[in-house]
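Trainee: I've got the model open, and I'd like to go through the words people use for it. Can we take them one at a time?

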Amino acid sequence: MAALATLPPLPPQFKSIQHHLRTAQEHDKRDPVVAYYCRLYAMQTGMKIDSKTPECRKFLSRLMDQLEALKKQLGDNEAITQEIVGSAHLENYALKMFLYADNEDRAGRFHKNMIKSFYTASLLIDVITVFGELTDENVKHRKYARWKATYIHNCLKNGETPQAGPVGIEEDNDVEENEDAGATSLPTQPLQPSSSTYDPSNMPSSGYTGIQIPPGAHAPANTPAEVPHSTGVTSNTIQPTPQTIPAIDPALFSTVSQGDIRLTPEDFARAQKYCKYAGSALQYEDVSTAVQNLQKALKLLTTGRE
């Protein structure tokens, strides 16, 4: 991907979007779709903050140039041309980042990569607002992730051992004042979890938009698939984690749409959304999630019910 024009210094008024822009830069090569929407969020937010002072107008103009260049480079990507695909892509990515950090936290493995993953997940949930209002679940995940990043960062900084797993959020703790906790100079590649053991009881009580997360899906999508040659490992390729494929309802194979089934525009939209989620899951080789969402779409289209 061609290099983007450099942005001018960030005006003080735009401090609240500096970490979203940093996340965009980190994803320019890793996931350009995520990078694009991070910049779009920063652009929209910046316009609301200040679009009149000269320094802010100059910054937003250059940011707009970056967005147009990215959109041109990604012009044939459905995640850019179709909002429903882009929303599913971003939401799945944020969820995997959150689950990676949450699993590390619940296992008592506290480290900088986990803190950054929590904080980055919260930033990406901010970005999802470019598609509309957040669901209640997304709001809860964002608040929890940002608070967790701050809490663990402060504990480690003070030489204390954080409490693993869910704990009560201190409402009087101003996370925004400590937003640098998750945005310090940390490695941009989250580490592979030291254990791949899957325990459903260790997962968040509810997932994003009803998507079921299969074994192994807690690892972030950008976990390296290759072992560096200099490590001396005899095999270059890490064997993929076996996935548990959900049982397929046999009735779906013989089900045909009933003549009296009348699907509403909302039904068609939901079915399309399930299919898009399935396609997004396959980008991460997440077969289980893809199968489950395709089954939901098929059931909805053939029965009119979910």
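What follows is a chat about those words and the values behind them.

Mentor: Keep in mind that this is a predicted model. The secondary structure of the chain comes to ten helices and zero strands, and from the N terminus on the elements run α-α-α-α-α-α-α-α-α-α. Of its 306 residues, 45% count as buried.

Trainee: Why is leucine 60 called buried?

Mentor: The cut-off for buried is under 20% relative accessible area. Leucine 60 comes out at 4% relative accessibility, so it counts as buried. This residue is found in helix α3. Leaving out residues up to four places away in sequence, leucine 60 touches Phe14, Met43, Gly46, Met47, Asp50 and Ser51. Its C-alpha lies 9.4 Å from that of aspartate 50, ten residues apart in sequence.

Trainee: And what makes isoleucine 49 partly exposed?

Mentor: Partly exposed is what sits between the 20% and 50% limits. Isoleucine 49 has a relative accessible area of 37%, so partly exposed is the right term. Its place is in helix α2. Not counting neighbours within four places in sequence, isoleucine 49 is in contact with Gln13, Phe14 and Ser16. The C-alpha atoms of isoleucine 49 and serine 16 are 9.6 Å apart, with their positions 33 residues apart along the chain.

Trainee: What about the rest of α2: is it mostly covered or mostly open?

Mentor: Mostly covered, since 14 of its 18 residues are buried.

Trainee: How do you know that α10 has the span a helix should have?

Mentor: Count 1.5 Å a residue: the 17 residues of α10, 287–303, should span 24 Å, and the end C-alpha atoms are 24 Å apart, so the two agree. You can do it for α2 as well: its 18 residues reach 25 Å from the first C-alpha to the last, close to the 26 Å expected. Among the buried residues of α10 are Ser288, Val291, Gln295 and Leu300. Just after α10, glycine 304 takes a positive phi of about 75°.

Trainee: Now the helix pairs. Why are α1 and α2 called roughly antiparallel?

Mentor: They pack at an angle of about 160°, with their axes 8 Å apart. Angles over 145 degrees count as roughly antiparallel, so α1 and α2 get that name. The contact is made by His20, Leu21, Thr23, Ala24 and Gln25 of α1 and Ala35, Cys38, Arg39, Tyr41 and Ala42 of α2. α1 passes α2 in a left-handed crossing.

Trainee: What makes α1 and α6 roughly perpendicular, then?

Mentor: Their axes come within 10 Å and cross at roughly 105°. The perpendicular range is 65 to 115 degrees, and therefore α1 and α6 are roughly perpendicular to each other. His19, His20, Thr23 and Glu26 in α1 meet residues of α6 including Tyr119, Leu123 and Asp126.

Trainee: How would you describe α6 against α7?

Mentor: The axes of α6 and α7 come within 8 Å and cross at roughly 150°. That angle makes α6 roughly antiparallel to α7. Among the residues in the contact are Met114, Phe118 and Asp126 of α6, and Asn138, Arg142 and Ile152 of α7. The crossing is left-handed.

Trainee: Asp126 is an acidic residue. Why is aspartate 126 called buried?

Mentor: By the number: its relative accessible area is 6%, so aspartate 126 is buried. Apart from residues up to four places away in sequence, aspartate 126 touches His20, Tyr41, Arg142 and Arg146. The C-alpha atoms of aspartate 126 and asparagine 138, twelve residues apart along the chain, are separated by 9.1 Å.

Trainee: Last one: what makes up the largest nonpolar core?

Mentor: That core has 53 residues, and those with the most contacts inside it are Tyr36, Tyr37, Leu90, Phe98, Phe118, Leu124 and Ile152. α1, α2, α3, α4, α5, α6 and α7 each supply at least two residues of this core. For an example, look at phenylalanine 118: beyond four places in sequence, its contacts include Phe98, Ala101, Tyr144, Ala145, Ala149 and Ile152. Over the chain, 74% of contacts between residues at least 6 apart in sequence join residues at least 24 apart.

Definitions and conventions:
Residues numbered from 1 in each chain as written. Predicted model: local features only at pLDDT ≥ 70, side-chain atom pairs only at ≥ 80, totals over all residues. Heavy atoms only, no water. Helix = DSSP H or I, 4+ residues; strand = E, 2+ residues; numbered from the N terminus. Expected span 1.5 Å × (residues − 1). Buried < 20%, exposed > 50% of the residue type's maximum accessible area, 1.4 Å probe, protein only. Core = buried A, V, L, I, M, F, W, Y, C linked by side-chain atoms within 4.5 Å. Contact = heavy atoms within 4.5 Å. Axes fitted to C-alpha atoms, helices over the stretch in contact; angles between N-to-C directions. Parallel < 35°, antiparallel > 145°, perpendicular 65-115°, else oblique. Left-handed = near helix turned anticlockwise from the far one by under 90°.
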